[in-house]
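Reader: Could you take me closely through one part of this model, the place where the helices pack on a sheet? I'd like to see how the pieces fit together, down to single residues.

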Amino acid sequence: MHELTLLVGVAQKIGEIVEENNIDRVDAVVLEVGEATAVVPEFLLDGWSVLSDEYDYLKGAELIIDRIPAIAKCVDCGTHFAPDENEGRCPACDSRRRELVSGTEFLIKEIRLME
Ligand SMILES: [Zn+2]
């Protein structure tokens with residue numbers, strides 16, 4: 001379950017931020033997770049409920065997952081489209097050559113603090 005490894009990285013990164021800014025507790029963490037990543041949001045939430053208790057600054061903090069839709073761009077004609085539709089081919093020119101322009105994100109978007 002690599003979600004747990006990712007979460008440990010997130011927790012450590014937040015640890016650096018709270019230390020630099022003299023923050024005691026975090027209220028919520030917003031993660032951007034692209035649909036084209038292999039990350040399963042349910043596993044993230046499950047892992048978070050265990051992991052967040054192990055860090056003082058994360059105790060009781062909520063994890064909010066912001067899913068970013070996968071968007072592909074046709075290499076041949078430049079059309080943007082959803083890569084999981086039309087069998088992955090460009091709806092405009094039927095090309096199979098494409099690159100993902102969105103959907104591979106995994107990053108901390110926002111850290112909300114206790115009032
Ligand atoms: Zn095309």
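**Helices on a sheet**

Author: Happy to! Helix H1 lies across strands E1 and E6, and its direction makes about 45 degrees with that of E6. H2 also packs on the sheet, where it touches E1 and E2, and its direction is at about 165 degrees to that of E2. Helices (H or I, at least four residues) and strands (E, at least two) are DSSP runs, numbered from the N terminus. Contact here means C-beta atoms, placed from the backbone, within 7 Å of each other. Axes are lines fitted to C-alpha atoms, for helices over the stretch in contact, and the angles run from 0 to 180 degrees between N-to-C directions.

Two notes before we go further. The model is predicted: local features need pLDDT of at least 70 and side-chain atom pairs count only at pLDDT 80 or more, while totals for chains, interfaces and linings use all residues. Residue numbers start from 1 along each chain as its sequence is written.

Let's begin with the sheet itself. It is open and has 3 strands in the order E2-E1-E6, with mixed pairing. Strands count as paired if DSSP finds at least two bridges between them. E2 and E6 are at the edges with a single partner strand each, so each has one side without a neighbour in the sheet. On average, neighbouring strands here are turned by 20 degrees against each other, direction ignored.

The mixed pairing shows up strand by strand. E1 and E2 (residues 62-68) run parallel and are joined by 7 bridges. E1 and E6 (residues 106-113) are antiparallel, again over 7 bridges. Val30 is a handy residue to click on: its bridge partner in E2 is Ile64, and it stands opposite Glu110 in E6. Further on, Val33 has Arg67 as its bridge partner in E2.

Now for the two helices. How do H1 and H2 cross? Their axes come within 9 Å and make an angle of roughly 55 degrees. That angle makes H1 oblique to H2; angles under 35 degrees count as roughly parallel, over 145 as roughly antiparallel, 65 to 115 as roughly perpendicular, and the rest as oblique. The crossing is right-handed, a term used if the near helix is turned clockwise from the far one, whereas an anticlockwise turn by less than a right angle makes it left-handed. At this meeting point, Glu3, Leu4, Leu7, Val8 and Ala11 of H1 face Phe43, Leu44, Gly47, Trp48 and Leu51 of H2 as contacts.

Some of those residues return in the nonpolar core. The largest one has 11 residues: Leu7, Val10, Ile14, Val26, Val29, Leu31, Val33, Leu44, Trp48, Leu58 and Ala61. H1 (2-20), E1 (26-34) and H2 (41-51) each supply at least two of its residues, and E1 gives the most, with 4. Such a core is a set of buried Ala, Val, Leu, Ile, Met, Phe, Trp, Tyr and Cys residues joined through C-beta atoms within 7 Å. Buried means that 20 or more other C-beta atoms lie within 10 Å of a residue's own; 12 or fewer means exposed, and partly exposed is in between, with C-beta atoms placed from the backbone. In soluble globular proteins, nonpolar side chains tend to be buried together.

Two members of the core deserve a closer look. Ile14 is found in H1, and it counts as buried because 20 other C-beta atoms lie within 10 Å. Leaving aside neighbours within four places in sequence, Ile14 is in contact with Val26, Val29, Leu58, Ile108 and Ile111. The C-alpha atoms of Ile14 and Tyr57 are separated by 8.7 Å, although these residues are 43 apart along the chain. And Trp48? Not counting residues up to four places away in sequence, Trp48 touches Leu7 and Leu63.

Finally, a quick glance beyond this part. Another open sheet has 3 strands in the order E4-E3-E5, with antiparallel pairing. Its edges are E4 and E5, each with a single partner strand, so one side of each lacks a neighbour in the sheet. E3 (residues 71-74) and E5 pair over 4 bridges, and Ala72 stands opposite Leu100 in E5.

Methods. Two residues are in contact if their C-beta atoms, placed from the backbone, lie within 7 Å.
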